[in-house]
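Work through the exercises below with the sequence and the model at hand. Each task is followed by a solution in steps.

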Amino acid sequence: MNYIKIISHMMRIDLLNIKSSIKDKLIDALIWGSCTLIITAYVLPSFGLVNFGAFQAASVLISVIGFETYNQLFMLVMNIEQKKYLFYLFTLPIPVALIWLQKIISYTINALILSSFMILVSKLVLQDQMPLTQINWPLLFLALLVSCFFFACFLLLMVSFVKKTSQVEHMFMRVVFPLWFFGGFQFSWNTLFSINKYAAYGALISPYTYATEAVRVSFFGQKGFLPYWTCISFMLIAGCLLATIGHVKLKKRLALT
Amino acid sequence: MISLKNAIKIYANNHKALNNISFTLQQGEIIGLLGVNGSGKTTCSGILAGLHCITSGEVLYQGNNIKKHVAEYRKNVGYCPQHSTLNDNITVYDNLLQNGLFHGMNILEAKKATKKIIALLNMQEYADKLPSTLSGGWIQRVMIARALVPDPKFIILDEPTVGLDPHIRHTIWEVIKMLKQQKKTILLTTHYLDEADLLCDQIIIIDHGKVVSNTTKDALKKAHKNKTLEEIFIKLIGQDKKNGEKL
């Protein structure tokens, strides 16, 4: 049996699903991203705070991936809880691990579309505060791609822990939110290190730290941020590890062959 | 053709769903797997579908343990679980077509098989509808249709008529009879004894994860002095008739 053929058919179906839902997701991202950027670029400076619109744009590109992960987590947990379409996929002539791999690819593409869209939104809101010529585009694209891949893998791990849809909210508030907020949403890792090195070491637990730092390197250059390739390597290795743990845990919990 | 040998299934929460179950399904027969709720019927069908693993024991397909070739084994199985697993974002036609493609058919073969099954089950009117717009009876019919597209040798119907109106149950029964004429091997899990009596050749009764009876329908009735299947079932399970509302 040609597994690649099956995966490509599954991808086609998922891309159709993405196509049908992407418009609403883009609108959501536009509203949320614009609000955040308007406040940080135009309102906060009027209080005497430093204008860090472009700096915040890097966070927004990653945050939108995180929010999408939350949406997907809810959908996936519901699918498992109600034994819906996913259970049909588990009966197909393809190993379960490859089904998860396909889902990771699919979620990566979905998040990448949203994140790429946020570059446009950021530029529209920030105008001259975000000069596109200063961006290292290959590094930015790679950082976004790897971040999307990482969060897709992280999603699989979270699904393996969350058994009910009612627990999704708790997972978000107790785990994802602290990781997001302490993961350099509004500051660089070096800034945190200069204030409190223990807190900075603690922030290294958060995947958001690596994702936002990698994007900031592509925006502003390497100086003042965590090494780009360390961030990329961490996300790739940790992503594969977390996905494997998630797969093993789900296989056991759902008693899959 | 397909055998379950000394199967024990213990779930992660330590619930022992199957307790050393063994039985064989012969080709071209309809086998009724009967039992009350929680007896292990769905666990059995999930294992035979290649969806769930067993804790110990073997599932043999044509003499070979499916464990090492489970993905390949699934090509031979059409599985209809109790609840809808249809993709609600695509039409009924696409749900069927995709199953053909997922099972290794090329696009032309899958289209041909889909159209054939749609015609066979008189589903033309619903082919372009989304599953979420269909009634329970039609969803069951679509689920059966989807399972049939790749032309599986072995079909598992897990309580296909539960909660359906009598006339829709009859329609589903006609579909099952039609499949029997095509020499398909069918495992029908049900707790409707009239359904089992009408459709099945072999009756396996399980209770608390154990087989309490496994014989042909006629032999079962003969051994119990031609009592009805319902009376035999209650006797074997040891339940009060009044408690078995669904029986």
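Which residues of β3(B) lie on one side and which on the other, and are they buried or exposed?

This is a predicted model. Ile30(B), Gly32(B) and Leu34(B) are on one side of the strand, while Ile31(B) and Leu33(B) are on the other. These residues are all buried, which leaves both faces of β3(B) covered. The count for the strand, residues 30-34 of chain B, agrees: five of its five residues are buried.

**Exercise 2.** Find the strands that pair with β3(B), and give a bridge partner in each.

Start with β8(B), residues 185-190: this strand and β3(B) are parallel and share five bridges. Here Ile30(B) has Ile186(B) as its bridge partner. Next take β9(B), residues 202-207, which also runs parallel to β3(B) and is joined to it by four bridges. In β9(B), Ile204(B) stands opposite Leu33(B).

**Exercise 3.** Classify the ring pair of Phe150(A) and Phe151(A), then that of Phe219(A) and Phe220(A).

The model has 29 aromatic pairs over all chains. For Phe150(A) and Phe151(A), the ring centres are 5.5 Å apart and the planes stand at 90°, so this pair is edge-to-face. Phe150(A) is buried at 2% relative accessible area, and Phe151(A) is buried at 1%. For Phe219(A) and Phe220(A), the centres are 5.9 Å apart and the planes are at 65°; because an angle over 60 degrees counts as edge-to-face, this pair is edge-to-face. Phe219(A) is buried, with 4% relative accessible area, whereas Phe220(A) is partly exposed, with 39%.

**Exercise 4.** Name the ring that lies under the charged end of Arg216(A), and the one under that of Arg169(B).

In chain A, the charged end of Arg216(A) sits over the ring of Phe55(A), 3.8 Å from the ring centre. In chain B, Arg169(B) has its charged end over the ring of Tyr192(B), 4.1 Å from the centre.

**Exercise 5.** Count the disulfides, then explain the result for Cys240(A) and Cys148(A).

The count is zero over all chains. For Cys148(A), which is in no disulfide, the nearest cysteine sulfur belongs to Cys153(A) and is 11 Å away. Cys148(A) is buried, at 1% relative accessibility. The sulfur of Cys240(A) has its closest cysteine sulfur in Cys153(A), at 5.9 Å, which is too far for a bond. The cut-off for a disulfide is 2.5 Å. Cys240(A) is partly exposed, at 43% relative accessibility.

Definitions and conventions:
Residues are numbered from 1 along each chain as its sequence is written. Chains are lettered from A and ligands numbered from 1 in the order in which they are written. This is a predicted model: local features need pLDDT of at least 70, side-chain atom pairs count only at pLDDT 80 or more; totals for chains, interfaces and linings use all residues. Side-chain values use heavy atoms; hydrogens and water are left out. Rings of Phe, Tyr and Trp (its six-membered ring) pair if their centres lie within 6.5 Å; planes under 30 degrees apart count as stacked, over 60 as edge-to-face and the rest as tilted. Buried means under 20% relative accessible area, exposed over 50%, partly exposed in between (1.4 Å probe, protein chains only). A charge sits over a ring if NZ of Lys or CZ of Arg is within 6 Å of the ring centre and within 35 degrees of the ring normal. Helices (H or I, at least four residues) and strands (E, at least two) are DSSP runs, numbered from the N terminus. Two strands pair if DSSP finds at least two bridges between them.
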